[in-house]
Amino acid sequence: MAFDLNGKAVKVLRLPTVNYTNSPSKIIAAQQGDANSRYIAVTLYDDRGDISIGNYNAVKLIATLPDGQAQFTEGVVNAGDNVIICKFDSSILSMVGRVECNVELTGGDPKSEDAALLTSQTFF
């Protein structure tokens, strides 16, 4: 899967993988009802610098709407550029208010000891 980002609103984010003390919350302004037009390009980091995402093969943008309903969309892992691309689909932008989001990367066989899960800091 690949996204065509021509003519789309793309917000570039650097997100920590943990909620560091005094780390500012990231807020992305978006319009309710926008469809197929809002994307984020994410680089993850920790205390050692940027995290290589080459070992991960799937990514989800997980969102909790103001009414508590959970939504998610699948994204793209671009290991060559070390960037994750995710789309805010119409279900995530269906309500007015603050939507709590994070990016979740998975890798390896989920039934083995090689399974990996990495989650970003929460953003809105």
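**Group meeting: strands, a pocket and a few side chains**

Let me start with one pair: Asp-46 has Gly-49 in strand 3 as its bridge partner. Before going on, this is a predicted model, where local features need pLDDT of at least 70, side-chain atom pairs count only at pLDDT 80 or more, and totals for chains, interfaces and linings use all residues. Residues are numbered from 1 along each chain as its sequence is written, and side-chain values use heavy atoms, with hydrogens and water left out.

Some terms. Strands are DSSP runs of E with at least two residues, numbered from the N terminus. Two strands pair if DSSP finds at least two bridges between them.

Back to Asp-46, which is found in strand 2. Strand 2 and strand 3 (residues 49-50) run antiparallel and are joined by two bridges. A hairpin through two residues connects strand 2 to strand 3. Asp-46 counts as buried, because its relative accessibility is 17%; buried means under 20% relative accessible area, exposed over 50%, and partly exposed in between, with a 1.4 Å probe and protein chains only. A polar atom of the Asp-46 side chain lies 2.9 Å from the backbone nitrogen of Arg-48.

Now strand 2 as a whole, residues 38-46. Seven of its nine residues are buried, so strand 2 is largely enclosed by the rest of the structure. What does strand 2 pair with, besides strand 3? Strand 1 (residues 9-16) runs parallel to strand 2, with eight bridges joining them. Within that pairing, Leu-15 stands opposite Leu-44. Strand 7 (residues 83-88) pairs with strand 2 in the antiparallel sense, over five bridges, and there Ala-41 stands opposite Ile-85.

Ile-85 also gives a long-range reference distance. Its C-alpha atom and that of Lys-11 are separated by 9.9 Å, with the two residues 74 apart along the chain. Lys-11 sits in strand 1. Is Lys-11 buried, exposed or partly exposed? Lys-11 is partly exposed, because its relative accessible area is 39%.

Next, the open sheet. Four strands form it in the order 5-4-8-9, with antiparallel pairing. Its edge strands are strand 5 (70-74) and strand 9 (116-119), each pairing on one side only. Neighbouring strands in this sheet are turned by 25° against each other on average, direction ignored; axes here are lines fitted to C-alpha atoms, and angles run from 0 to 180 degrees between N-to-C directions. Strand 8 (residues 100-107) and strand 9 run antiparallel and are joined by four bridges. Gly-107 stands opposite Ala-116 in strand 9.

On the other edge, Gln-71 is placed in strand 5. Gln-71 counts as buried because its relative accessible area is 17%. The Gln-71 side chain makes a polar contact with the side chain of Ser-91, at 3.2 Å. A polar contact is a pair of N or O atoms within 3.5 Å; within protein, one must be able to donate a hydrogen and the other to accept it, and residues adjacent in sequence count only if both atoms are side-chain atoms.

Last, the largest pocket. Which residues lie nearest its centre? They are Ile-28, Ala-30, Leu-93, Gly-97 and Val-99, out of 17 lining residues. A pocket is an open set of points on a 1 Å grid over the protein atoms alone, where a 1.4 Å probe fits, with protein on both sides within 12 Å along at least five of seven lines; lining residues have an atom within 4 Å of a point.
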